[in-house]
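Trainee: I would like to take a close look at one part of this model with you. Could you walk me through the charged pairs?

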Amino acid sequence: MGDDILIEAKNIKKYFPIKTGWFEEKKYVKAVNGISFHIKKGETLGLVGESGCGKSTTGRLLNGLIPVDSGSIIFNGKDLANASKNEWKKYRQKMQMVFQDPYASLSPRMKIKDILREPLDIHFKHMSSMEKDKRVEDLLDKCGISKFHLNKYPYEFSGGQRQRIGIARALILQPDLIIADEPVSALDVSIQSQVLNLMKDLQDEYNLTYLFISHDLSVVEHISDRVGVMYFGNLVEIATKEEIFNNPKHDYTKTLLSSIPQMIPKARRKQMN
Amino acid sequence: MPDLLEVKNLKTGFHTENGFLPVVHGISFHVNQGEIVGLVGESGSGKSVTSLSILRLFHDTHGEIVDGGILYKGENILTFSEKKMTKYRGKELSMIFQEPMTALNPVLKIGKQMRETIILHLGMSKKEAHQYAIEKLKSVGIPRAEQVMEDYPHQLSGGMRQRVIIAMQISCNPSLLIADEPTTALDVTIQAQILKLMEEIQEKTNMGILLITHDLGVVAEICDRVIVMYAGRIVEEATAVELFENPKHPYTKGLIESAPKIGSKKDRLNSITGTVPNPNNMPKGCKFAPRCPSAMPICHEKEPELMADGDHTMRCWLFDEEVEKKGEMQYG
């Protein structure tokens with residue numbers, strides 16, 4: 001793992017207007033209220049917080065799905081703030097997203113092979129059709145989907161398999177950064193661990209950098225190198241995961257940590273106290 | 001004295017276009033007064049269908065209870081008339097659902113919804129019911145309860161709504177509370193508050209609680225006894241301490257090990273391979289065998305019965321004396 005910074009957010013802000021009457025003063029939800037952080041190459045930054053704290057908005061700001069109000073995003077040394085549409089297209093190749101709901105994020109009318117080929121057709125026009133097919137097959141295989149499934153539609157797969165396909169879809173362009181927004185929250189516990197293991201393996205193999213957004217602290221602790229804690233649009237604490245989990249500084253981080261169920265049965269816990 | 005709730009050999013399923021699809025395959029368990037029992041399983045294990053069956057809320061969904069009995073204080077609920085059942089729902093047995101966003105009527109004020117149950121079951125006047133409802137809201141830790149009575153559900157946060165629902169469900173002092181994933185839709189800090197609240201209420205009223213969840217962390221937090229379901233069957237049952245410290249069934253072990261734990265230095269999680277079988281296409285033999293790391297030849301042939309070891313029961317050939325004697329283990 002190098003110490004090079006892959007992406008850096010500097011004081012980024014996003015306010016969403018709230019609908020008010022004609023003559024009332026305009027009001028805003030301060031979804032992301034001036035936060036700064038960076039992610040190093042090959043590292044996983046976990047972003048935790050409760051619903052409405054702005055963690056998903058932060059992920060979307062990073063890859064330009066929604067524009068920032070102010071502040072700058074520096075990716076591989078380039079400031080993306082004033083990037084043109086064409087430049088964004090180039091950068092997005094290098095930063096892909098994995099979404100929460102594998103039922104909603106795959107087009108129901110496309111076959112798996114078409115879902116995976118579409119990005120290649122757009123970004124890698126020079127590639128031959130055979131090369132593309134080969135890449136799709138290889139990647140799906142790495143993600144644990146056999147090539148016999150290439151001609152199937154998303155509804156024919158279980159939630160865990162769909163998330164594997166979603167991950168393959170994000171990796172097909174060989175990106176540097178994966179922004180994963182609650183990638184395992186919709187999955188059953190036994191499937192969740194399969195997908196987490198897969199994400200770790202892929203990271204080792206392709207030297208990927210992850211921004212891992214989740215409300216589940218145990219999952220974030222497992223996968224992250226560093227962790228940022230968000231609260232009402234602010235980044236209240238960011239540190240190595242050991243620091244955050246063993247020596248939290250901010251009161252909100254402490255509250256979050258004390259709320260995690262411990263997997264120690266009630267009766268046993270009472271004996272310990 | 002009979003158990004508070006006894007479910008005997010319950011078999012339920014759905015009528016589909018392709019005929020009858022069994023979902024719960026003859027499960028039996030009980031809940032005592034003053035006990036919190038956890039019913040754990042992944043999606044499709046039949047846990048919610050079980051809870052709906054107990055309240056007989058199952059028939060509207062093309063579902064049918066085909067066999068078995070549900071005894072509440074010794075009386076079989078399944079033989080009750082619909083009129084009698086209505087009297088029991090909310091008064092004797094009540095239920096908390098997962099989604100606090102959809103369980104309340106969006107166009108009625110909280111006060112009206114609270115009073116409705118109280119007037120119906122406790123026969124109070126509107127004025128009395130109003131006061132009583134405010135008391136109940138206060139008892140679940142809702143500040144400014146008088147104002148909340150005048151609010152609509154959308155004006156409250158998720159945690160507040162779940163508190164309102166709990167207040168409503170315990171307002172008629174039921175003996176049995178069924179909570180189906182009561183904290184799944186809530187943030188972790190709110191979840192901790194709600195679990196603590198449920199535990200306090202249980203200690204105060206000595207009611208029995210059946211808590212249905214997929215989250216073993218939640219189970220450990222408040223349950224006394226745990227039932228693990230897989231593919232419509234009970235695969236293991238034990239006290240919470242026994243289950244977490246000495247799990248027997250490979251599925252339970254897998255579930256416990258696949259959850260990431262804070263502070264563990266492990267780089268990879270021990271995951272369970274494969275997926276839950278489709279009810280249309282159940283494997284022969286043990287339903288978990290295709291995913292089981294210790295499966296033996298017999299597991300793919302014959303489904304094991306529940307076996308008891310004191311208070312600890314499991315459905316697994318690994319613990320069958322005959323199988324052990326024959327030395328089938330060596331093939332495992």
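How many salt bridges does the structure hold over all chains?

Mentor: Happy to! Keep in mind that this is a predicted model. Over all chains, the structure holds 33 salt bridges. Let us begin inside chain A, where the side chains of Lys14(A) and Asp69(A) meet at 3.4 Å, N to O. Lys14(A) belongs to strand β1 of chain A, while Asp69(A) sits in the loop between α1 (55-62) and β4 (70-75), so this salt bridge ties together parts that are 55 residues apart in sequence. The two partners differ in cover: Lys14(A) counts as buried because its relative accessibility is 9%, under the 20% cut-off, whereas Asp69(A), at 44%, is partly exposed.

Now to the pairs between chains. Arg268(B) and Asp201(A) form a salt bridge of 2.5 Å, N to O. Arg268(B) comes from the loop between α10 and α11 (297-301) of chain B and Asp201(A) from helix α6 (residues 189-206) of chain A, so two chains are joined here. Arg268(B) is partly exposed at 41% relative accessibility, and Asp201(A) is partly exposed at 35%.

Another salt bridge brings Glu199(B) and Lys270(A) together at 3.6 Å, N to O. Here helix α7 (residues 188-205) of chain B supplies Glu199(B) and helix α10 (residues 266-272) of chain A supplies Lys270(A), so this pair also joins two chains. Glu199(B) is buried, with 13% relative accessibility, but Lys270(A) is partly exposed at 48%.

Finally, have a look at a network of salt bridges in chain A: it links Arg117(A), Asp121(A), Lys132(A) and Asp133(A).

Notes: Residues are numbered from 1 along each chain as its sequence is written. Chains are lettered from A and ligands numbered from 1 in the order in which they are written. This is a predicted model: local features need pLDDT of at least 70, side-chain atom pairs count only at pLDDT 80 or more; totals for chains, interfaces and linings use all residues. Side-chain values use heavy atoms; hydrogens and water are left out. A salt bridge is a side-chain nitrogen of Lys or Arg within 4 Å of a carboxyl oxygen of Asp or Glu. Helices (H or I, at least four residues) and strands (E, at least two) are DSSP runs, numbered from the N terminus. Buried means under 20% relative accessible area, exposed over 50%, partly exposed in between (1.4 Å probe, protein chains only).
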